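Here's a predicted model to pick apart. Let's go through it by asking what earns each feature its label.

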2 protein chains.
Amino acid sequence: MGLKLKLSAAAMFVAAVTFAQDPYEGLRESWLKKAEEAKPALNYTEAAPVATVRTVQDAGSFQGWRFEEEGTPEALYGKNFKDVGSVTLDFGKHLVGYFQFHTKTLSNCMDAPVRFKLTFAEMPAELNTPFDPWSKDRLGRAWMQDETITLTRLDEWVRIPRRIAFRYVKIEMLGWPGAGYSFAIDGVRFTAQSTAGEVKTSLEQDCPDLIRRINDVGVETLRECMQTVYEDGPKRDQRLWIGDMYLEALANKHSFKNFALTKRCLYLFAALAREDGVLFADIIEDPVPHPQYGTYITPYALLWNVALLDYLDDTGDRETAEDLFPVAKVQIAEGLSFVGEDGLFDVAKKPSWLFIDHRAGLDVSASMQGVMVFALQKTYELARKLGRENEVHEYPALIKKMTRAARKYLYDKKSGLVLSGPGKQVSIMSQSWLSIASVLSPAEGAKAIRTALDHEGCVMPGTPYAMHYLLYAMLRCGMETEARRTMEDYWGGMVKKGADTFWEAYDPEDDMYSPYGFTPLNSACHAWSCTPVWFIHEYPGIFQK
Amino acid sequence: MGLKLKLSAAAMFVAAVTFAQDPYEGLRESWLKKAEEAKPALNYTEAAPVATVRTVQDAGSFQGWRFEEEGTPEALYGKNFKDVGSVTLDFGKHLVGYFQFHTKTLSNCMDAPVRFKLTFAEMPAELNTPFDPWSKDRLGRAWMQDETITLTRLDEWVRIPRRIAFRYVKIEMLGWPGAGYSFAIDGVRFTAQSTAGEVKTSLEQDCPDLIRRINDVGVETLRECMQTVYEDGPKRDQRLWIGDMYLEALANKHSFKNFALTKRCLYLFAALAREDGVLFADIIEDPVPHPQYGTYITPYALLWNVALLDYLDDTGDRETAEDLFPVAKVQIAEGLSFVGEDGLFDVAKKPSWLFIDHRAGLDVSASMQGVMVFALQKTYELARKLGRENEVHEYPALIKKMTRAARKYLYDKKSGLVLSGPGKQVSIMSQSWLSIASVLSPAEGAKAIRTALDHEGCVMPGTPYAMHYLLYAMLRCGMETEARRTMEDYWGGMVKKGADTFWEAYDPEDDMYSPYGFTPLNSACHAWSCTPVWFIHEYPGIFQK
């Protein structure tokens with residue numbers, strides 16, 4: 001679909017949700033146009049498999065499976081596939097794009113169609129875990145990348161229509177033609193795509209090897225997620241979420257420096273906001289850009305403001321910041337509507353899905369207090385930079401009030417811990433967010449985080465997303481050694497377990513951890529885990545020595 | 001692929017098999033060109049389902065299953081398919097072509113890909129019999145028309161790439177998107193194709209209803225099989241076999257009168273013959289027309305000669321007959337090379353697959369004798385019509401010799417039966433073929449057929465292909481009443497059991513009969529069963545009164 005058609009279809013959507021009270025009246029269409037104009041072109045590269053591999057069940061490998069090199073793709077290409085029956089190819093690295101394979105008649109001719117099952121996987125265990133029967137409690141079965149196809153002719157290239165994110169593909173012959181006939185799979189190719197472009201940064205020469213590897217894996221993770229939007233994961237959900245975008249933009253600053261993509265995403269969220277101006281949490285591009293209706297995440301909407309400030313700092317693009325500043329104000333106003341007279345963010349009002357981490361049982365009261373204060377601080381900073389403090393003159397007082405309330409109701413001076421919710425839950429996220437928001441002093445924050453880490457029953461982070469905020473909090477609290485160790489243990493742990501892109505979910509104590517009840521559903525290349533790239537470059541003295 | 005490219009690729013094949021002794025040297029390329037030029041254009045018609053149906057297991061229905069109308073397609077189109085889950089659509093008649101369906105977002109938006117299984121079937125039982133696990137002894141699994149697809153976007157038409165032959169389609173949702181989201185399958189369409197064109201004949205006004213219905217079903221069968229070649233069955237094998245072509249050309253004479261297709265097929269076989277001039281039994285069109293190497297059926301090669309004579313009679317196209325007469329001579333010479341000094345066709349020399357019928361255990365010695373004599377007679381007739389008897393002056397003596405040998409060694413005067421092979425097997429095919437070849441007089445033939453039909457252990461025909469020759473033999477032996485009854489019982493039996501196209505295999509005593517060990521593999525629309533169209537028009541006095 002051309003830009004023109006996309007714009008006009010998206011404009012119809014805009015028209016449909018534009019009510020009288022729309023705070024962005026008359027602006028959405030131009031914002032959508034700017035989003036489309038900023039869309040970077042996809043770069044395509046051709047990739048080929050590097051080896052055929054055999055599966056080894058091995059309790060010592062991540063999730064219990066690994067692959068061993070078996071032979072070359074060229075050896076496969078010469079074989080009668082009726083003798084091969086099934087083969088797994090390793091492309092040597094994670095790729096996003098479109099898969100094709102070629103068949104060749106070797107002797108006689110095709111006397112029946114051929115049926116193949118192709119299973120694409122990011123991880124060895126994913127390829128070795130049966131998908132069916134599928135439990136209804138899980139996310140959709142169709143996220144799994146297996147396809148069954150029938151060829152009624154050979155000697156041509158066959159393209160799998162859906163976009164694939166994978167490193168390994170297993171090709172199984174399910175239906176075979178008759179005797180006295182043979183054919184080969186004599187070619188396999190993959191057109192990989194990304195809008196990332198070239199890496200424009202470099203590490204210090206004496207940067208330690210593990211940090212260098214962590215950075216490389218982070219860069220690859222980001223590259224794969226940089227499509228025509230910042231996707232969360234190219235396998236799943238293949239879409240633009242505010243939370244991921246915020247972190248991807250951080251890593252992009254210190255790698256590809258492709259700020260047009262950030263601009264596009266900021267505008268997309270604004271143009272497609274709810275009729276009252278509140279941002280949807282995620283956006284789907286096809287068939288025309290549209291929000292995932294009904295999905296609001298207040299902490300994400302607030303972090304969008306931080307991303308806008310960062311974008312202004314990174315690019316100096318004042319026009320965009322001016323355009324979108326009103327949107328930032330709406331997000332703050334929406335967030336504040338859930339803050340009570342007592343100065344506390346009231347999660348009981350259930351303003352939306354309050355996503356802080358996937359860890360089950362996490363109480364988010366204290367974290368939300370931190371996010372709200374942090375957003376107020378950053379939005380006020382944005383206003384100052386635009387000379388528009390007068391529009392948000394009440395923010396400093398609100399920050400003070402909420403800080404006081406947090407210290408009074410959430411911070412337990414005696415233990416030095418932040419306690420969240422009616423159950424007075426101790427979690428790493430609570431300590432981290434009130435440190436990030438400067439509710440705690442650096443010394444208090446460091447003590448809180450250290451105490452919590454040692455605290456029995458402390459709710460630990462479950463995702464690299466949450467880990468980012470812990471690391472960020474540590475750095476704000478002067479915990480340089482612990483921040484470095486955390487990166488080496490957590491992201492370095494993934495690298496040591498074989499990651500060539502960083503995972504959506506990772507619990508060092510539980511390889512099978514999944515927020516979705518089924519490990520193969522986890523995305524093994526997930527944007528929100530790429531932030532070591534930012535930390536390593538933003539704090540070279542801490543990480544690159 | 002354009003004609004030019006096809007020709008040049010096919011020419012390469014021709015070059016590859018053209019040896020010094022090629023009897024068609026210098027001719028193959030021009031024959032191939034004539035075949036391409038004679039190719040009729042496909043006519044396309046749009047079809048839509050007529051009803052949604054529910055499955056009923058019913059011992060009284062053919063193969064134990066039938067469908068009952070449930071609702072309208074329009075009712076389906078408005079429903080949330082997540083509530084529907086699975087649906088079967090009836091298109092009201094057999095169709096060949098390409099299937100598409102459309103999805104529509106009803107509320108919210110797609111938050112995960114959707115996975116469907118589509119199963120296309122010609123017959124109710126086919127749709128209700130599990131295909132897997134698949135036995136290796138059967139024909140290829142991929143003949144079954146089930147496809148699994150994943151949609152990563154909705155609100156567009158999706159086309160199944162393979163060509164389909166079906167009346168019913170079952171659509172099952174295997175992977176569902178999340179809650180709070182709904183979509184419909186709001187459109188289903190089918191582009192049907194055939195080269196047949198319009199029916200150019202009509203039945204007598206007082207033609208009995210059953211005969212009229214048999215004729216209609218035969219015409220539909222032929223229409224579906226008339227693609228860019230005379231296919232055997234549009235579901236399976238989707239290709240040009242001599243045996244099917246011969247019978248289709250008979251029916252075409254009295255229905256569509258599309259003789260260009262016959263011309264194309266005659267030339268294709270000739271151009272792509274073995275290097276010594278012997279015809280392959282079948283031809284596959286994709287990616288360029290080529291024979292199924294290694295598949296020779298001597299009786300088919302001999303019947304090609306009969307088809308050439310018929311073509312000349314039907315069209316007066318002397319140029320084609322002159323062109324291809326040398327090919328006819330080669331087939332006779334090849335057949336005669338298996339005839340011994342005693343004047344008997346010697347099946348022990350195993351010249352090829354000697355296909356007469358699919359019925360297991362059939363001894364083909366006597367039938368082959370009949371086919372050989374019949375081909376000699378018809379080829380001599382062709383020579384006479386072309387004024388080229390001198391080229392085949394030995395045929396009449398050979399016919400006499402083989403006739404005498406057959407009467408001496410194969411015909412048992414006492415019982416009045418033809419006995420075939422060392423086991424002196426009694427089969428309907430042996431009686432029929434020696435009647436067709438006039439080895440038996442009409443009176444002898446009638447007695448032989450009648451006696452065999454009553455003979456315990458007589459090997460009965462297993463396919464409509466074999467039944468055609470029985471019916472033809474009956475008519476040559478003056479068995480008019482029995483011929484009519486045979487048609488009414490056999491083809492009429494299929495009609496009464498619900499056929500809207502005639503089946504590849506049909507045993508009135510055994511609904512589950514299959515030559516392939518799996519009933520759903522049977523083709524339910526098979527060219528070789530369409531010959532009632534020819535009988536009904538060729539013998540109006542017998543069938544239309």
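Q: How many salt bridges does the structure hold over all chains?
A: The count is 82 over all chains of this predicted model. A pair gets onto that list when a side-chain nitrogen of Lys or Arg comes within 4 Å of a carboxyl oxygen of Asp or Glu.

Q: What makes Arg318(A) and Glu322(A) a salt bridge?
A: Their closest N and O atoms are 3.6 Å apart. The cut-off is 4 Å, so the pair passes.

Q: Where do Arg318(A) and Glu322(A) lie?
A: Both sit in helix α10 of chain A, which covers residues 318-336. They are 4 residues apart, and that's about one turn of the helix.

Q: How many salt bridges does the rule find across the interface of chain B and chain A?
A: It finds 4 there. One of them joins the side chains of Arg115(B) and Asp146(A), at 3.0 Å from N to O. That value is within the 4 Å limit, so this pair counts too.

Q: How do you know that chain B and chain A are in contact?
A: Contact takes heavy atoms within 4.5 Å. By that test, 35 residues of chain B touch 36 residues of chain A. Together the two chains bury about 3100 Å², with 56% of it on carbon and sulfur atoms.

Q: Which three residues supply more than any other three of the area that chain B buries against chain A?
A: Arg115(B), Arg153(B) and Trp176(B), which supply 20% of it. Arg115(B) is also the salt-bridge partner of Asp146(A).

Q: What makes the β10-β11-β12 group in chain B an open sheet, and why do β10 and β12 count as edges?
A: The 3 strands line up in that order with antiparallel pairing. β10 (240-241) and β12 (290-291) of chain B each have a single partner strand, so one side of each is left without a neighbour in the sheet.

Q: How do you know that β11(B) and β12(B) pair?
A: Pairing takes at least two bridges. Strand β11 of chain B, residues 282-284, shares 2 bridges with β12(B) in the antiparallel sense, so the two strands qualify. Across that pairing, Ile284(B) stands opposite His290(B).

Q: What is the order of the 3 strands in the open sheet of chain A?
A: It reads β10-β11-β12, with antiparallel pairing. The edges are β10 (240-241) and β12 (290-291) of chain A; each has a single partner strand, so one side of each lacks a neighbour in the sheet. Strand β11(A), residues 282-284, is joined to β12(A) by 2 bridges, and Ile283(A) stands opposite Pro291(A).

Q: What makes a space in this model a cavity?
A: A 1.4 Å probe has to fit inside but be unable to get out. The search of the whole structure finds 2 such spaces of 30 Å³ or more. The largest has a volume of about 100 Å³, and the second largest holds about 30 Å³.

Q: Which classes of residue line the largest cavity?
A: There are 7 nonpolar, 4 polar and 1 charged. Among the lining residues are Phe62(A), Met123(A), Glu126(A), Trp503(A) and Asn522(A). Glu counts as charged, so Glu126(A) belongs to that class.

Q: What about the classes in the lining of the second largest cavity?
A: That lining has 8 nonpolar, no polar and no charged residues. It includes Pro299(B), Leu303(B), Trp433(B) and Tyr465(B). Tyr counts as nonpolar here, so Tyr465(B) fits the tally. Helices α9 (298-315) and α15 (464-476) of chain B each supply at least two residues of the lining.

Methods:
Residues are numbered from 1 along each chain as its sequence is written. Chains are lettered from A and ligands numbered from 1 in the order in which they are written. This is a predicted model: local features need pLDDT of at least 70, side-chain atom pairs count only at pLDDT 80 or more; totals for chains, interfaces and linings use all residues. Side-chain values use heavy atoms; hydrogens and water are left out. On a 1 Å grid over the protein atoms alone, a cavity is a set of points where a 1.4 Å probe fits but cannot get out, and a pocket is an open set with protein on both sides within 12 Å along at least five of seven lines; lining residues have an atom within 4 Å of a point. Grid points are joined across faces, edges and corners, and a volume is the space filled by probe spheres set on the points. Buried area is the accessible area (1.4 Å probe) that two parts lose on being put together, summed over both.
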